[in-house]
Amino acid sequence: MQKPRTILDFQRMKAEGEKIAVLTSYDFPMTGIMDACGIDMILVGDSVGVVVAGYDNTLPVTMEDMIYHTRAVMRARPKAFVVADLPFLSYQTDLKSARLNAGLLVKDGGAAAVKIEGGVNVEETITAITDMDIPVVGHIGLTPQSLHRMGGFKVQGKGEEQAEKLMADALAVERAGAFAVVLEGIPMSLAARITAELSIPTIGIGAGPHCDGQVLVIHDILGLCSKYSPKFVKRYAELAPLIGEACSNYIAEVKGGIFPEERHGFK
Ligand code: KIV
């Protein structure tokens, strides 16, 4: 059985060239399943707003949402290292609220670490949180909370100038004390450069194969989201039709008087 993952494992894994496997989770049963499979890190992502709550983007997600879902994940007592996202407006206005909200995800939610979007612009914020002994994962490149600045969910860091800007973001996140950084939606060659330059592990999503680890949204890999399927997603299962079939069978059996049978009742 896998030993509980700690922050120390990820530095060792980078040093030894062992890839880090990360998935998002938002609830108790899914966490139990992926944890039993040996996932290294679980991200309670603010993507919950899109794949569970049905919003168009992550901006409406609240601290209450994040604490609720982090608690549900933690009730599965995962051996994986659990990181919770700081949602939009929980850290941008001032350092005091950033520290308080990071603390709440750990104290009330039970997470071991928090993730925060941004580079140079959040350097001070990451330092303020790590100074409280809360481990931080950075997140640069295509940062979904910056949707409106980016003009949509577009690949970032294309061209020399943008690439240098992203390199500066990566170095700022590392300097600020983050123990890992998510690289989202950037060219593979740039992700490879950043991964080689940084001493902390890089976790890619839509950033190619040269990162120290990979993260994907659980609903995407299971084929549960029919809305869209980005190029970087690999679907390891197609569960939506299976669920549809089960629901159709149930409806037909209830309407046809087939379910429940005697054996499903009490004497
Ligand atoms: O919210 C999320 O799930 C994320 C990952 C996609 C990296 O930030």
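User: Happy to look at this one with you! How much space lies in the largest pocket?

Analyst: Glad to help! Keep in mind that this is a predicted model. In it, the space in the largest pocket comes to about 960 Å³.

User: Which residues that line the largest pocket are the closest to its centre?

Analyst: The lining of the largest pocket is made up of 41 residues. Those closest to the centre are Glu184, Ile205, Tyr228, Pro230 and Phe232.

User: Which element gives the most to the lining of the largest pocket?

Analyst: At least two lining residues come from each of α3 (48-51), β4 (113-117), β6 (180-184) and β8 (213-216). The one that gives the most, with three residues, is β8.

User: How many residues of the lining of the largest pocket are charged?

Analyst: Let's split the lining by residue class. There are 20 nonpolar and 10 polar residues. The charged ones number 11.

User: Now for the other pocket. Which residues that line the second largest pocket are the closest to its centre?

Analyst: The second largest pocket holds about 450 Å³ of space. It is lined by 22 residues, and the closest to its centre are Gly118, Gly119, Asn121, Ser146 and Arg149.

User: Which element supplies the largest share of the lining of the second largest pocket?

Analyst: Elements that each supply at least two residues here are α6 (123-130), β5 (136-141) and α8 (160-176). The largest share, four residues, belongs to α8.

User: And how many residues of the lining of the second largest pocket are polar?

Analyst: Nice one to finish on! Six of the lining residues are nonpolar and five are charged. The number of polar residues is 11.

Note on methods. Residues are numbered from 1 along each chain as its sequence is written. This is a predicted model: local features need pLDDT of at least 70, side-chain atom pairs count only at pLDDT 80 or more; totals for chains, interfaces and linings use all residues. Side-chain values use heavy atoms; hydrogens and water are left out. On a 1 Å grid over the protein atoms alone, a cavity is a set of points where a 1.4 Å probe fits but cannot get out, and a pocket is an open set with protein on both sides within 12 Å along at least five of seven lines; lining residues have an atom within 4 Å of a point. Grid points are joined across faces, edges and corners, and a volume is the space filled by probe spheres set on the points. Ala, Val, Leu, Ile, Met, Phe, Trp, Tyr, Cys and Pro count as nonpolar, Asp, Glu, Lys and Arg as charged, and the others, Gly among them, as polar.
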